[in-house]
Amino acid sequence: MPARPFFSAVIFDLDGLVLDTESTYTLAWRHAAEAMGYGLSESFCQSLSGLHYQDVEAKLLAVCGADFDLQAFNQQAGACWRASANAFGIPVKPGVRELLRYLNGQGIPFALATNSRAANVRECLALSGLSGVFLRQVTRDDVVAGKPEPDVFLQAATLLQTPIRQCLVLEDSLTGIIAAQKAGAFSVLVPSVSPTDPQAAALCDLLLPDLHALLATIRSEFPYPHRNQV
């Protein structure tokens with residue numbers, strides 16, 4: 001593992017890292033496919049974690065065939081997801097609120113950088129009770145290329161007015177870890193599915209079970225500037 005970084009800012013992924021959306025997407029995808037006469041395994045749906053929607057669609061076509069009706073699938077899955085999310089909300093991952101409270105208390109800036117579209121980000125944050133928490137956001141709408149390219153993280157670092165090498169990037173998927181490595185950030189992997197992707201574990205700079213563990217690590221081991229020095 002590389003030496004602990006001096007960091008000045010934190011960049012969060014959204015799906016699977018801040019919000020437990022992965023389980024809601026998996027359920028919606030499986031129900032939609034079943035309604036259309038197809039079967040998608042849970043492991044296949046988990047493999048879509050962190051991917052841009054065009055890559056998700058490419059994998060669906062590869063598994064279900066070139067004649068698979070993506071438009072019908074997306075409509076069915078979207079309706080299923082929205083009904084569930086509106087009824088039950090979207091759970092916030094363990095440790096998120098505590099970590100955000102700590103960062104705010106220390107004056108450490110943070111941002112959101114996600115492959116999701118801006119409208120979806122707003123909806124998910126509202127359904128989870130986190131509207132207005134992430135004042136700096138970079139979505140797939142803001143960059144030329146999504147993850148695994150580094151664009152969203154580099155743009156987030158610009159918004160934070162912080163060199164990317166002084167940013168902690170928090171991710172849960174291989175796609176995000178690849179993007180963080182390309183950007184030159186210190187990457188922290190907090191897996192959202194089990195077992196942990198071995199390639200993601202090998203590429204990340206630090207592997208932790210949850211954000212509670214990250215907060216404990218930051219408090220005890222990570223050097224960071226006092227808020228008056230940021």
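1. Helix 4 and helix 6 run roughly parallel to each other in this predicted model. Helix 4 covers residues 70–88 and helix 6 covers residues 118–128; their axes come within 10 Å and cross at roughly 30 degrees. Angles under 35 degrees count as roughly parallel, and the pair is therefore given that description. Both quantities deserve attention: two packed helices are described by the angle between their axes and the distance between the axes. The crossing of helix 4 past helix 6 is left-handed.

2. The residues that bring these two helices together can be named. From helix 4 they are W81, R82, A85 and N86, and from helix 6 they are N120, E123, C124 and L127. By character, the residues of this contact comprise 4 nonpolar, 2 polar and 2 charged.

3. N120 merits a separate remark. This residue lies in helix 6 and counts as partly exposed, because its relative accessibility is 22%, whereas buried would require a value under 20%. When neighbours within four places in sequence are set aside, N120 is in contact with Y25 and W81. W81 belongs to the helix 4 side of the contact described above. The separation between N120 and G78 is 42 residues in sequence and 11 Å in space, taken from C-alpha to C-alpha.

4. The strands form an open sheet. Its 6 strands are arranged in the order 3-2-1-4-5-6, and the pairing is parallel. Strand 3 (137–138) and strand 6 (206–207) are the edge strands, each of which pairs on one side only. The student should note that the order in the sheet, 3-2-1-4-5-6, is to be read alongside the numbering of strands from the N terminus.

5. Strand 1, residues 9–12, has both of its faces covered: A9 and I11 are buried on one side, and V10 and F12 are buried on the other. Strand 1 pairs with strand 2 (residues 110–113) in the parallel sense over 3 bridges. Within that pairing, I11 stands opposite A111 and F12 stands opposite L112.

6. Strand 1 also pairs with strand 4 (residues 167–171), again in the parallel sense, over 4 bridges. Here A9 stands opposite C167, while I11 stands opposite V169. I11 thus has a residue opposite it in strand 2, namely A111, and another in strand 4, namely V169.

7. How many residues of strand 4 are buried? The count is 5 of the 5, so strand 4 is largely enclosed by the rest of the structure. Both faces of the strand are covered, with C167, V169 and E171 on one side and L168 and L170 on the other. E171, a charged residue by class, is therefore among the buried residues on the side that also holds C167 and V169.

8. Strand 4 pairs with strand 5 (residues 186–189) in the parallel sense over 4 bridges. E171 has L189 as its bridge partner in strand 5. Strand 4 accordingly pairs with strand 1 and with strand 5, in agreement with the sheet order 3-2-1-4-5-6.

How values were computed:
Residues are numbered from 1 along each chain as its sequence is written. This is a predicted model: local features need pLDDT of at least 70, side-chain atom pairs count only at pLDDT 80 or more; totals for chains, interfaces and linings use all residues. Side-chain values use heavy atoms; hydrogens and water are left out. Axes are lines fitted to C-alpha atoms, for helices over the stretch in contact, and angles run from 0 to 180 degrees between N-to-C directions. Angles under 35 degrees count as roughly parallel, over 145 as roughly antiparallel, 65 to 115 as roughly perpendicular and the rest as oblique. A crossing is left-handed if the near helix is turned anticlockwise from the far one by less than a right angle, and right-handed if clockwise. Contact means heavy atoms within 4.5 Å. Buried means under 20% relative accessible area, exposed over 50%, partly exposed in between (1.4 Å probe, protein chains only). Two strands pair if DSSP finds at least two bridges between them.
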